[in-house]
Amino acid sequence: MGTKQLLKLAHQMQNLKAFIHLSTAYAYCNRSYIDEVIYPPPMDPQKLFDLVEGMDESLIQEITPKLIGDWPNTYTFTKSLTEYVIQQEKGNLNTAIIRPSIVCCSWQEPFPGWIDQFNGPCIFLIATGKGIARIVKCNKDAVADIIPVDIAINLILAAGWYTAVQRPKSLLVYNCITSNINPFSWGEIRDVAMGILERIPLEKAFRIPNACMTQSDFTYEYWRTVSHKFPAFLYDLYLRLTGRKPRMMKMYNRLHEYMMLFDFFSSRSWEWKSDNMNMLLNQLSPKDKKVSIVLIQNIFTDSHQGNNCFLWPKRKTSNFYCSYLMSAS
């Protein structure tokens, strides 16, 4: 209900020019085709709030799967509810909704590969680069709709400018996606990553990088046992025998948890309409286009050729990544 409170505050700000809400392209991931519109919510947001208010946390966890239905998690589910709240309560505010797809490392700003936290594909790319992940649960032919964080931010700024200056009569939704401009599959992402690793290997790798992708549950569990669990058991045994704390099995369990959370998004393809985003691009000056979203057309090509790469986070990944996976609750 935080967005609802922000809307109340925004209505009291007489000089506010635009109200921009950051959603996600997967807010309606239960649909295969997603238009730049707000679809009917799965349930009334106020009724949901009244239902769970004061309810015991354990009971909320128990009923959550039934509440979210076809949505894979509460994040995407609540994003769809929030969009409906904005549509109903925006009043006379100049409002826009931005829906970025999977946000990854920066392409150019503040420098190539910048990231402030590991999430989504970054986890698996680095795990592969360090030789930790050898099998990934994924459909290699599914479209990987990844957008660099700086490109997504450029679109947010452009939408804020357009909303404040042009004052559209209706709420505009912008699907901030890359697949309509330059589609790339997860298998192609892997091939690009492996090519980069041959030229620029990560330091202190656990094993030689070599990752396979599979949709089969049986194949995944088999190779997870052979290539993940068994080596982790042996390494932890070595650590115990040398008087050190075992850590590899815990790391692999955390990696598996992330993989299962991401499986829904890496095993399917969606089609998004992006007319509003294309319209916004046409409103920009040639200079703004050059530093904005139009460069999506070149980012994967440049990465493959080694000119620039937003796939690899430029942080001290050797120890930080391992400690990140070790921080399982």
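Is Tyr-222 buried, exposed or partly exposed, and what is its relative accessible area? Tyr-222 comes out as partly exposed, at a relative accessible area of 43%. Keep in mind that this is a predicted model.

## Aromatic pairs

Tyr-222 has company: its ring centre lies 5.1 Å from that of Trp-223, with the two planes at 80°. Edge-to-face pairs are those with planes over 60 degrees apart, so that is what Tyr-222 and Trp-223 make. Trp-223 is partly exposed as well, with a relative accessible area of 38%. Across the whole structure, a search turns up 16 aromatic pairs.

Another pair is Phe-265 with Trp-270, where the centres are 6.4 Å apart and the planes make an angle of 35°, which puts the pair in the tilted class. Both of these residues are buried.

## An aromatic cluster, and a charge over a ring

Phe-265 and Trp-270 also belong to one aromatic cluster, along with Tyr-26, Phe-124, Trp-186, Phe-262, Phe-264 and Trp-272.

Elsewhere there's a charge over a ring to look at: Arg-31 places its charged end over the ring of Tyr-39, 3.8 Å from the ring centre.

## The three-stranded sheet

Now for the strands. β1, β3 and β7 make an open sheet, in the order β1-β3-β7, with parallel pairing. The edges are taken by β1 (19-22) and β7 (172-176); each has a single partner strand, so one side of each lacks a neighbour in the sheet. From one strand to the next, the twist averages 20°.

How many bridges link β3 to β7? Five, in the parallel sense, with β3 covering residues 95-100. Pro-100 sits opposite Cys-176 of β7. On the β1 side, four bridges join β1 and β3, again in the parallel sense, and Phe-19 has Thr-95 in β3 as its bridge partner.

Side chains along β1 alternate. Phe-19 and His-21 point to one face and are buried, whereas Ile-20 and Leu-22 point to the other face and are not.

## Helix α1 and what covers it

Which residues of α1 are buried? In this helix, which spans residues 2-11, they are Thr-3, Lys-4, Leu-7 and Ala-10. Looking down the axis of α1, you'd find the buried residues within an arc of 120°, so they line one face of the helix.

The cover over those buried residues includes the edge strand β1, plus helices α2 (45-52) and α4 (74-89).

How values were computed. Residues numbered from 1 in each chain as written. Predicted model: local features only at pLDDT ≥ 70, side-chain atom pairs only at ≥ 80, totals over all residues. Heavy atoms only, no water. Pairing = 2+ DSSP bridges. Helix = DSSP H or I, 4+ residues; strand = E, 2+ residues; numbered from the N terminus. Axes fitted to C-alpha atoms, helices over the stretch in contact; angles between N-to-C directions. Buried < 20%, exposed > 50% of the residue type's maximum accessible area, 1.4 Å probe, protein only. Arc of directions from axis to C-beta. Contact = heavy atoms within 4.5 Å. Phe/Tyr/Trp six-rings, centres within 6.5 Å; stacked < 30°, edge-to-face > 60°. Lys NZ or Arg CZ within 6 Å of the ring centre and 35° of its normal.
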